[in-house]
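Biologist: I would like a close look at the early part of this chain and at the turns that follow it. Could you walk me through it slowly, as you would for someone new to reading structures?

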Amino acid sequence: IDIKTILIPKNWRKYVNTGKREEGYLGYGYAKFAFMGRVVSDSFAVLQSKNLNGNTEYLNKYDLRCELKLLAWGKFFLDSFIRRVQQYGAKNIPEMKWNADGAFLGTLVDKLPDLPAEQRSNQSLIWNVFLAVPLLEPGATEPKFSGNGDTGENSDYLGIWIDAFAHHTVVDSMGEYVFVDIQGKFDGSSGFWDKGRSGILQFLKEHKCNKICRKLGLNTEVVVVPAPLNDIAVPQMEVLPTIKPRNLHRQWEL
């Protein structure tokens, strides 16, 4: 176990409703807060689930572990995408990188006091588990190329590469994964926004190959999305009779 000290700002929560990025507060999404953290001289964005109705310590940990896995899978598929680009001789690929190196899931050594929800508003941390990812430089923007339910059909230089990358993930994983919104994968186990097999089928139905897809041969790939295990027909097995070998008192089944 690697024990580190991470510094968390005390008063970031008072800026949640103001929209101001002050005193360490960075922002929030539908289900998570983001605020600054520091380990020695390294700055991080610290993520925790909101204290929504029904949320628990377990669900926070589960969701953050899924987020960390997504970062690792994103890096894996981007590496294989770059290899495909090199193999097909495509040129002018933009610089793309997943913010995965240095990210970690942390657990408090000294647990938070078990307080009622209404008394947790002044705590720097909401839960005992947090996800820390390297903090992007101030002023960095986050353009949106697709949405959770939106396949994406971009026409700008970077956007068409992002669309091709999304297509590559479903091809490279043989129909088990697809990255959309550049935040999640669709296999039913990757967290809050995961739409499972139906999300992959929706992507394959709606995606329109662009010139990058065609250059990389993605338009010629046939993807068969695996059926859920409970939809796979189990062959009927013939039941053989139990026989009793001579001189043995134990029954053996063939």
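Biologist: Where in the chain is the place of Asn-17, counted against β1?

Modeller: Happy to help! Asn-17 sits in the segment before β1, the strand that covers residues 25-28. Helices (DSSP runs of H or I, at least four residues) and strands (runs of E, at least two) are numbered from the N terminus.

Before we go on, a word on what you are looking at. This is a predicted model, in which local features need pLDDT of at least 70 and side-chain atom pairs count only at pLDDT 80 or more, while totals for chains, interfaces and linings use all residues. Residues are numbered from 1 along each chain as its sequence is written, and side-chain values use heavy atoms, with hydrogens and water left out.

Now back to your residue. Asn-17 counts as exposed because its relative accessible area is 78%; the cut-offs are under 20% for buried, over 50% for exposed and partly exposed in between, with a 1.4 Å probe and protein chains only. Try finding Gly-27 as well: Asn-17 and Gly-27 are 10 residues apart in sequence, and their C-alpha atoms are 9.8 Å apart in space.

Staying in the segment before β1, we reach Glu-23. Glu-23 is not a glycine, yet its phi is positive, at about 50°. With a relative accessible area of 39%, Glu-23 is partly exposed.

Next, follow the chain through β1 into the loop that leads to β2 (32-39), where you will find Gly-29. Gly-29 has 33% relative accessibility, so it counts as partly exposed. Although 20 residues separate Gly-29 from Ser-49 along the chain, their C-alpha atoms are 9.4 Å apart.

After β2 comes the loop to β3, and Val-40 is placed there. Here is another residue other than glycine with a positive phi, this time near 55°. Val-40 is exposed because 75% of its area is accessible in relative terms.

One loop further, between β3 and α1, lies Asn-51. Its relative accessible area is 28%, which means that Asn-51 is partly exposed. Look for its partner across space: the C-alpha atoms of Asn-51 and Ala-31 are separated by 8.7 Å, with their positions 20 residues apart along the chain.

Let us step back and place this part in the whole. Four helices and seven strands make up the secondary structure of the chain. Read from the N terminus, the order is β-β-β-α-β-β-α-β-β-α-α. Of the 254 residues in the chain, 40% are buried. Among contacts (heavy atoms within 4.5 Å), take those with a separation of 6 or more: 62% of them join residues 24 or more positions apart.

What lies inside? A nonpolar core is a set of buried Ala, Val, Leu, Ile, Met, Phe, Trp, Tyr and Cys residues joined through side-chain atoms within 4.5 Å. The largest such core has 36 residues, and Phe-81, Trp-161, Phe-165 and Leu-216 have the most contacts inside it. At least two residues of this core come from each of β3 (42-49), α1 (57-88), β5 (129-134), α2 (157-172), α3 (196-206) and α4 (211-215). The biggest share belongs to α2, which gives eight residues. Zoom in on Trp-161: apart from its neighbours within four places in sequence, it touches Phe-81, Val-85, Ala-90, Lys-91, Asn-92, Ile-93, Pro-94 and Ile-212. There is also a second, separate core of 17 residues, with Tyr-15, Phe-35, Val-46 and Leu-108 among its members.

Finally, how far should you trust the picture? The guide is pLDDT, the predictor's confidence in each residue, from 0 to 100. The chain averages 79, and 74% of the residues score at least 70. Over residues 182-193 the pLDDT is below 50, and this stretch has 43 contacts in the model beyond near neighbours in sequence. Residues 231-254 stay under 50 too, and there the model has 11 contacts beyond four places in sequence.

To go over the tour once more, start at exposed Asn-17, pass the positive phi of Glu-23, and carry on to Val-40 in the loop between β2 and β3. End at Asn-51, in the loop between β3 and α1.
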